[in-house]
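I open this notebook to record what I looked up in the structure, one topic at a time. The entries follow the order in which I went through the residues and helices.

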Amino acid sequence: MHEALGLDGFNRLSDRAAMHALFECCSSSIWARRVAVGRPFDSAEALLERADSELAELSETEIDRALDGHPRIGASVTAGSSSQREQAAVSAADQGVKDALATGNRTYEEKFGHVYLVCATGRPATELLAILTERLDNDRETERRVMRTELAKINRIRLTRMLTERTEQ
């Protein structure tokens with residue numbers, strides 16, 4: 001993950017490197033390209049606003065591509081990945097909660113046709129399970145809106161981390 005770049009560092013990246021850094025935040029090449037084209041950004045907030053704006057304009061097909069970069073809540077994830085960090089509390093959950101999440105994930109995917117996406121950062125597994133259970137009552141259109149909102153939250157967290165955190169290596 002491209003972390004601790006700072007805004008100036010991000011603005012100085014080559015177009016290809018900037019798109020790669022953005023793609024690590026959101027698995028939509030169209031979104032990454034459209035956000036990168038907005039450089040240079042004069043503030044982190046300007047970058048976040050551009051990211052939100054471009055996400056809102058993505059087609060449903062491209063949103064599905066963005067979802068491809070997100071593993072199931074509670075699934076095994078690559079060590080050191082953003083998803084591992086974001087789902088850290090799930091790994092500490094008891095097996096019953098993990099099993100209920102796995103069952104809920106399957107039910108959700110059968111109903112909505114895509115992975116259950118929720119901003120998991122700082123949330124315990126029991127809360128993520130409760131949110132999943134509640135969202136199963138949504139109709140497809142409502143759930144797509146909720147999922148886009150969650151994706152925007154995740155993108156903002158990852159973009160902020162890209163600009164501010166230290167890389168552990």
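**Entry on L129.** I began with the neighbours of L129 in this predicted model, and, leaving out residues up to four places away in sequence, I found that L129 touches V97, A100 and L101. For V97 I also looked up the separation, which is 32 residues in sequence and 7.5 Å in space from C-alpha to C-alpha. L129 belongs to helix α9, which spans residues 125-135. Is L129 buried or exposed? I note L129 as buried, because its relative accessible area is 19% and the cut-off for buried is under 20%.

**Entry on α9.** I then listed the buried residues of this helix, which are A125, L128, L129, I131, L132 and R135. They lie on the same side of α9, because the arc that they cover around the axis is only 160 degrees. On the face turned away from that buried side I found the exposed residues T126 and E134.

**Entry on the whole chain.** I stepped back to the overall make-up and recorded 10 helices and zero strands, so that I could place the later entries. Of the 169 residues, 44% count as buried. I also looked at how the contacts are spread along the sequence: among those between residues at least 6 apart, 69% join residues at least 24 apart. The accessible surface comes to about 8800 Å², and carbon and sulfur atoms account for 49% of it.

**Entry on the nonpolar cores.** Which residues have the most contacts inside the largest nonpolar core? This core has 31 residues, and I wrote down F10, L22, W31, L47, L159 and M162 as those with the most contacts inside it. The elements that give two or more residues to this core are α1, α2 (15-25), α3, α4, α5 (60-67) and α10 (140-164). The largest share, seven residues, comes from α10. Apart from this core lies another one of 15 residues, and V90, F112, Y116 and A125 are among them. I followed L22 further and, not counting residues up to four places away in sequence, found it touching F10, W31, A32, V35, A36 and L159.

**Entry on α3 and E54.** In α3 I noted W31, A32, V35 and A36 as the buried residues. These residues are on the same side of α3, because they cover an arc of only 125 degrees around the axis. What covers the buried residues of α3 includes α2, α4 and α10. I next turned to E54, which has its place in helix α4. E54 counts as buried because its relative accessibility is 13%. Leaving aside neighbours within four places in sequence, E54 is in contact with W31, R34 and V35.

**Entry on the aromatic rings.** My search of the whole structure gave three aromatic pairs. One of them is formed by F10 and F41, which are stacked at 6.5 Å centre to centre with 20 degrees between the planes. The pair links distant parts of the chain, with F10 in helix α1 (residues 6-12) and F41 in the loop between α3 (29-36) and α4 (44-57), 31 residues apart. Both F10 and F41 are buried. Elsewhere, ring pairs link Y108, F112 and Y116 into a cluster.

**Entry on R39 and P40.** I returned to F10 to see what sits over its ring, and found the charged end of R39 there, 5.7 Å from the ring centre. R39 is joined to P40 by a cis peptide bond, with omega at about 0 degrees. For comparison I note that most peptide bonds are trans. P40 is found in the loop between α3 and α4.

**Entry on H114.** My last look-up was H114, in the loop between α8 (95-112) and α9. H114 counts as buried, because its relative accessibility is 6%. With neighbours within four places in sequence left aside, which residues is H114 in contact with? I recorded L67, Y108, E109, R144 and M147 as the contacts of H114.

Note on methods:
Residues are numbered from 1 along each chain as its sequence is written. This is a predicted model: local features need pLDDT of at least 70, side-chain atom pairs count only at pLDDT 80 or more; totals for chains, interfaces and linings use all residues. Side-chain values use heavy atoms; hydrogens and water are left out. Helices (H or I, at least four residues) and strands (E, at least two) are DSSP runs, numbered from the N terminus. Buried means under 20% relative accessible area, exposed over 50%, partly exposed in between (1.4 Å probe, protein chains only). Contact means heavy atoms within 4.5 Å. Accessible areas come from the Shrake-Rupley method with a 1.4 Å probe; for residues, only the protein chains shown count as cover. Rings of Phe, Tyr and Trp (its six-membered ring) pair if their centres lie within 6.5 Å; planes under 30 degrees apart count as stacked, over 60 as edge-to-face and the rest as tilted. A charge sits over a ring if NZ of Lys or CZ of Arg is within 6 Å of the ring centre and within 35 degrees of the ring normal. The arc is that of the directions from the helix axis to the C-beta atoms. A nonpolar core is a set of buried Ala, Val, Leu, Ile, Met, Phe, Trp, Tyr and Cys residues joined through side-chain atoms within 4.5 Å.
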